[in-house]
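Student: I've got a chain on my screen and I'd like to talk it through with you. Can you pull it up so that we can start?

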Amino acid sequence: MNHLLSRRTFILIPTMSILKRFFKPIKVLASSLASKEEWNLSKDEWKARLSPESFYILREEGTERAFSSQLNNEKRKGVFHCAGCSLPLFLSDKKYDSGTGWPSFWDSIQGSIETKVDFKLIVPRTEYHCSRCGGHQGHVFNDGPAPTGKRYCNNGLALKFVLD
Ligand SMILES: [Zn+2]
């Protein structure tokens with residue numbers, strides 16, 4: 001028995017390390033690049049502009065805790081801007097309660113966001129970010145309501161709400 005176990009371990013360990021090498025999640029950029037030169041700020045410049053929490057989300061692709069943002073319950077008429085560069089990203093009439101605990105929208109303002117696929121949870125997800133400063137906003141899923149069927153799941157700390 002012992003002999004069998006050690007033989008199995010002997011085979012298993014090298015196999016695991018080979019598998020790990022092939023299935024290592026692909027490293028994504030810490031944040032997306034700004035499309036406008038004036039928003040191509042250094043890490044220290046971003047740190048000076050943002051709260052530590054917003055920096056973590058916008059510039060390091062972090063995620064806030066579910067139900068932690070006041071914007072989750074924001075139902076007034078207005079515009080949601082990027083907390084990094086103030087570009088308008090979402091209108092309040094496209095916001096809906098997804099029950100996930102994050103501000104959710106079924107559509108974005110045209111041209112305001114860009115997407116990329118990330119593998120942070122190994123399973124590919126579509127990350128999206130502000131098209132101007134590259135700041136990470138959230139992930140978009142295909143389980144949203146009509147007419148788009150999209151669910152833009154956004155971090156509240158990556159947004160600034162401006163009342164109409
Ligand atoms: Zn921005």
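Student: How many bridges join β6 to strand β7?

Tutor: Start with the pairing rule: two strands pair if DSSP finds at least two bridges between them. Helices (H or I, at least four residues) and strands (E, at least two) are DSSP runs, numbered from the N terminus. β7 covers residues 136–141 and runs antiparallel to β6, and the number of bridges joining them is four.

Student: Before we go on, what sort of model is this, and what should I keep in mind?

Tutor: Residues are numbered from 1 along each chain as its sequence is written, and side-chain values use heavy atoms, with hydrogens and water left out. Local features need pLDDT of at least 70, side-chain atom pairs count only at pLDDT 80 or more, totals for chains, interfaces and linings use all residues, and the model is a predicted one.

Student: What is the average pLDDT of the chain?

Tutor: pLDDT is the predictor's confidence in each residue, from 0 to 100. Over residues 24–28 it stays under 50. Where pLDDT is low, the predicted coordinates should not be read in detail. Still, 82% of the residues score at least 70, and the chain average is 88.

Student: Back to the strands: which residue is the bridge partner of Glu 127 in β7?

Tutor: Strands of a sheet pair through backbone hydrogen bonds, either parallel or antiparallel. β6 and β7 take the antiparallel option. Opposite Glu 127, the bridge partner in β7 is His 139.

Student: Which strands stand at the edges of the open sheet?

Tutor: Six strands make up this sheet, in the order β3-β4-β8-β7-β6-β5, with antiparallel pairing. An edge strand has a single partner, so one side of it is left without a neighbour in the sheet. Here those are β3 (95–96) and β5 (113–121).

Student: And β1 with β2: which residue in the turn has a positive phi?

Tutor: These two pair in the antiparallel sense over three bridges, with Val 79 standing opposite Leu 91 in β2. They form a hairpin with five residues between them, and the turn residue with a positive phi, about 75°, is Ser 86.

Student: Now the metal. What is the arrangement of the four donor atoms around the zinc ion?

Tutor: Donors are N, O and S atoms within 2.8 Å of the metal (3.2 Å for Na, K and Ca), and water is not among the atoms, so sites may look incomplete. The SG atoms of Cys 82, Cys 85, Cys 130 and Cys 133 coordinate the zinc ion at 2.3 to 2.4 Å. Four donors count as tetrahedral if all angles lie between 85 and 135 degrees. The angles here are 101 to 116°, which makes the arrangement tetrahedral.

Student: How many residues apart in sequence are the parts that Cys 85 and Cys 130 tie together?

Tutor: The donors follow the spacing C-x2-C-x44-C-x2-C along the chain. Cys 85 lies in the loop between β1 (78–82) and β2 (88–91), while Cys 130 is in strand β6 (residues 123–130), so the pair ties together parts whose separation in sequence is 45 residues.

Student: Is Cys 130 buried or exposed?

Tutor: Buried means under 20% relative accessible area, exposed over 50%, partly exposed in between (1.4 Å probe, protein chains only). Cys 85 has 5% relative accessibility and counts as buried. At 0%, Cys 130 also counts as buried.

Student: Which element gives the largest share of the largest nonpolar core?

Tutor: A nonpolar core is a set of buried Ala, Val, Leu, Ile, Met, Phe, Trp, Tyr and Cys residues joined through side-chain atoms within 4.5 Å. This one has 25 residues, of which Cys 82, Leu 89 and Phe 90 touch the most other members. α3 (52–60), β1, β2, β6 and β9 (159–163) each supply at least two residues. The largest share, three residues, comes from α3.

Student: What do the buried residues of α3 pack against?

Tutor: The buried residues are Ser 54, Phe 55, Ile 57, Leu 58 and Arg 59. Counting contacts as heavy atoms within 4.5 Å, they pack against α2 (43–49), β1 and β7.

Student: Last one: which residue does a cis peptide bond join to Ala 146?

Tutor: Ala 146 is found in the loop between β7 and β8 (151–154), and its relative accessible area of 66% makes it exposed. Omega of the cis bond is about 5°, and the residue joined to Ala 146 is Pro 147.

Conventions. Four donors count as tetrahedral if all angles lie between 85 and 135 degrees; four count as square planar and six as octahedral if opposite donors are over 155 degrees apart and all others between 65 and 115; anything else is irregular.
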